[in-house]
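Hi,

Here is the structure I said I would pass on. Have a look at it first, then read my notes underneath.

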Amino acid sequence: MNEPGTLTHEHPTGPASASSMPAPSTRDPRLPRLREVTAFREYMATGWAAPDRTPPVEPGAAAASAAHRARLSASLPGRTVVVEAGRAPVRANDTNYDFRPDSDFFWLTGCSAEDAVVVLTPSGSAHDATLFVPAPAYPGDPDFFSDAAHGELWVGSAPDASDWAAALDLEVQPLERLGDLVRPSDDVLRFGTANSEHAALRGIRRSTELGRVLSELRMIKDDWEIGELRRAVDATVEGFRSVIREIPNAIEWGGERWLQGTFDRYARTFGNGPGYSTIVGSAEHAPTLHWVRCDGPVKRDELLLLDMGVESRTFYTADVTRTFPASGTFSTAQREVHDLVERSHRAGLAAVGPGRPWSDFHTASMEVIANGLADWGLLPVSVDEALSPEGQHHRRYLVCGVGHHLGLDVHDCAHSSYEAYQQAEMAPGMVLTVEPGLYFHAFDTTLPPELRGIGVRLEDDILVTAAGSEVLSAALPIDAAGIETWMREQ
């Protein structure tokens, strides 16, 4: 990885970034600072044609974002709204993680520009929207070749405000003009990724009210969003196929990390990347809810839990889990656990529908789990006592929830009020997951030896419709026999 002429480069709206190399007190004349060499600057200003600077805007994103802004405008009449895209977080010293825009910002704009800001200002009974984007450095500007953050020679073709305006059908201005439109005021509502600081926004506190309103609006997906989620789910199913084909290599030499890398490569090729850290848990790792280390072997005779989701290039993500026998065939104990989780999963799926309380699928899934555990003699109390708010003994083996909203975030709409989320009724246009499981840890001495180290989760993505629901991830089987057959087909 190269470094920009050994310079410490200054971010135009924030503090100086870490340096690639130490700055000298006395510079070696054989290593001049290129931007200080007049002849070089003049030469670098000439001889460049304009590259294609078309912004990466997916079809339908601009129109969908305009509709989203109209919904927000109707919810907050007379209020100025500011939402930030954020910046790529630092990975180490002067290297960053890949940039991914704030979900609320993208929902309102369809724009993926780092450090951008959208402002909605009251205009009559509605709002005018203005997007502010950082100005790229083109030939003739020394930053073209010396600024690793914004120089086009470093980052590739870089759209400017006019390019973004044409692609998004939206008023777009250079970021330096943000202060011309926004002044600190109690009437300004600010939200977005809290990892950037623009001088024009200092003194404007982040608004929990705005975060709540945005999350609650995003609960109901429009047709374009549902289409994007379908694409993400379909790509995820294909990603599962790619992973299953690699199980023999993972058993032989690659381990969990080989399968994680297989899916992540697929997600990066056919989408933006994985929508969250891919979980690959073999054997005693399968019961660990967020096993993202993926640093163990894949054991031939044990279960393999795969929790994976492709994030589309519009940043909508799938979230699907299946549990496979690495050998291709469930053992008796593995199948019994899987069958119980399947019954719980089917009960949860059946409880999803418009007008039903959000808690219905949770309750339905948990009742099946509690009764199954009682049949196996694993509950220290009766089923009724376990299911009571004062009991919950069955949750020892299922401490997580069994579903959540899904969309631009894998755990979507998280800033909603409790009343609008867990205490609300399901409605057409909601997309959610149902994901019961049983997690029998290898070191849990309440379990008989044959169950220790078994972890099973089934997770599907479901669209609530006017007539009921649709399982978007139905292409993957959920029954043990179907899973064995599907594995053989791959």
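Below is what I found, going from the whole chain down to single residues.

First, a caveat: this is a predicted model. The chain has 490 residues, and 51% of them count as buried. Its secondary structure adds up to 14 helices and 17 strands. If you want a box for the C-alpha atoms, roughly 80 × 60 × 40 Å along the principal axes will do. Contacts run far along the sequence too: taking pairs at least 6 residues apart, 68% of the contacts join residues at least 24 apart.

Now the helix pairs. Helix α9 (residues 223-245) and α10 cross at roughly 160°, and their axes come within 8 Å. Angles over 145 degrees count as roughly antiparallel, so that is what α9 is to α10. On the α9 side the contact includes Ala235, Phe240, Ser242 and Val243, and on the α10 side it includes Leu259, Thr262, Phe263 and Tyr266. The crossing is right-handed.

The other pair is α11 (residues 332-350) with α12 (residues 359-375), packed at about 155° with the axes 7 Å apart. These two are therefore roughly antiparallel as well, and the crossing of α11 and α12 is also right-handed. From α11 the contact takes in Leu340, Arg343, Ser344, Ala347 and Gly348. Their partners on α12 include Phe361, Ala364, Val368, Ile369 and Leu373. The spacing in lists like these fits a simple rule: an α-helix has 3.6 residues a turn, so residues three or four places apart point the same way.

Back to Thr262, which is worth a closer look. This residue sits in helix α10 (residues 247-270) and counts as buried because its relative accessibility is 3%. What does the polar side chain of Thr262 lie 2.7 Å from? The backbone oxygen of Trp258. Leaving out neighbours within four places in sequence, Thr262 is in contact with Ser242, Val243 and Glu246. Ser242 and Val243 also appear in the α9 part of the helix contact above.

Helix α8 (residues 208-218) has a good number of residues on the inside: Leu210, Gly211, Val213, Leu214, Ser215, Leu217 and Arg218 are buried. They pack against α2 (61-75), β1 (80-84), α3 (103-109) and β7 (188-192). The N-terminal end of α8 is capped by Ser207, with a side-chain oxygen 3.3 Å from the backbone nitrogen of Glu209.

On to the cysteines, in case you are setting up bonds. How many disulfides are there? The count is zero. For Cys413, the closest cysteine sulfur is in Cys400, 19 Å away, which is too far for a bond because a disulfide needs the sulfurs within 2.5 Å. Cys413 is buried, given its 1% relative accessibility, and Cys111 is buried at 0%.

Finally, two backbone angles to check. Cys413 has a positive phi, near 65°, although it is not a glycine; this residue is in the loop between α13 (383-387) and β13 (431-434). Asn93 is another non-glycine residue with a positive phi, near 50°. Is Asn93 buried or exposed? At 51% relative accessibility, Asn93 counts as exposed, and its place is the loop between β2 (90-92) and β3 (95-96).

Cheers

Methods: Residues are numbered from 1 along each chain as its sequence is written. This is a predicted model: local features need pLDDT of at least 70, side-chain atom pairs count only at pLDDT 80 or more; totals for chains, interfaces and linings use all residues. Side-chain values use heavy atoms; hydrogens and water are left out. Helices (H or I, at least four residues) and strands (E, at least two) are DSSP runs, numbered from the N terminus. Buried means under 20% relative accessible area, exposed over 50%, partly exposed in between (1.4 Å probe, protein chains only). A polar contact is a pair of N or O atoms within 3.5 Å; within protein, one must be able to donate a hydrogen and the other to accept it, and residues adjacent in sequence count only if both atoms are side-chain atoms. Contact means heavy atoms within 4.5 Å. Axes are lines fitted to C-alpha atoms, for helices over the stretch in contact, and angles run from 0 to 180 degrees between N-to-C directions. Angles under 35 degrees count as roughly parallel, over 145 as roughly antiparallel, 65 to 115 as roughly perpendicular and the rest as oblique. A crossing is left-handed if the near helix is turned anticlockwise from the far one by less than a right angle, and right-handed if clockwise.
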